[in-house]
Amino acid sequence: REAVHEARRLYDDEARALVTRVPGLVDVREGGLAPGSTRARWYRPTTAMARPVVLFLHGGSWMFGSIDSHDNLCRHLAERSSCCVLSLGYRLSPEAPFPAGLEDASRAVDWVRAHGVGLGGDPERLALAGDSAGANIAAAAVLRGAGPQGLLMLYPSVDARMGSRSWEELGDGYRLTREDTRWYYDQYVPAPVSQAQPLVSPLLADDLTSFPATFVQTAELDPLRDEAESFAARLHAAGIDAETRRYPGVIHGFMRFEELDAAQEAIDDAARWLRSHL
């Protein structure tokens, strides 16, 4: 347990070191979604108009990450998309394994719809978003009936089998390794619960017709690349407005590395997509 807590601290420290510019055109408020509940942070562009709302679920292999580790990414998304962003500090494994984080996300959707107007948001225009494990939870929330108007997935994890070609090619030496990821899955969904169920592996869902318009962003040197792109292809085959873009020469998690031109381009693409779909 001490090792996990130390790893979480280092993850957040790394995020602070990656910041190159803090957007100033965003009003930021923090608190629980209810007294004593999950920590959350609300980002609102400094305009008087009611804005669409993006519920953001941070990555970190369901074990790491926080509203602090993804603070600046959420600020950039709010500033560039002109959307309100609610970043959720959902419960983490191993202390709170599946489906705890998914339940927190579902409650957050309900909270936005009940209280978003009072904070300057327009809950009728709601998107779910997340990176990596957070994108996994966002997709699972859609499968549970969250019913957003859009879904933004940044290099998502969608298949616990880890059997794609990109896992074979990139599963060692590119930051996210096969061995580590298998361990993360086992902490998030310990036996005897099945990791092949769609709420854990959305790629394996039989029916994807409940999904809204979706944008999937992938990294060329990410072992999750092929499963994410396969998910986008399945959405398209199901008649969903599904767009995907692969960013060359970058690894998993690259959008938090703000000094990279690819990171700035990907954030701009995400913001542009949110503006056009909400």
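So, how do H2 and H8 lie relative to each other? They're oblique, because their angle falls outside the classes under 35 degrees (roughly parallel), over 145 (roughly antiparallel) and 65 to 115 (roughly perpendicular). This is a predicted model, where local features need pLDDT of at least 70, side-chain atom pairs count only at pLDDT 80 or more, and totals for chains, interfaces and linings use all residues. Residues are numbered from 1 along each chain as its sequence is written, and side-chain values use heavy atoms, leaving out hydrogens and water.

Okay, the numbers: helix H2 (residues 71–81) packs with helix H8 (residues 261–277) at about 50 degrees, axes 8 Å apart. Axes here are lines fitted to C-alpha atoms, for helices over the stretch in contact, and angles run from 0 to 180 degrees between N-to-C directions. Helices (H or I, at least four residues) and strands (E, at least two) are DSSP runs, numbered from the N terminus. In contact terms (heavy atoms within 4.5 Å), H2 brings residues including Leu73 and Leu77, and H8 brings Ile267 and Leu274, among others.

Now the sheet. Eight strands make an open, mixed sheet, ordered E1-E2-E4-E3-E5-E6-E7-E8; strands pair if DSSP finds at least two bridges between them. E1 (26–32) and E8 (242–251) are at the edges with a single partner strand each, so one side of each has no neighbour in the sheet. From one strand to the next, the twist averages 20 degrees. H2 packs on this sheet too, touching E1, E2, E3, E4 and E6, and its direction makes about 30 degrees with that of E2.
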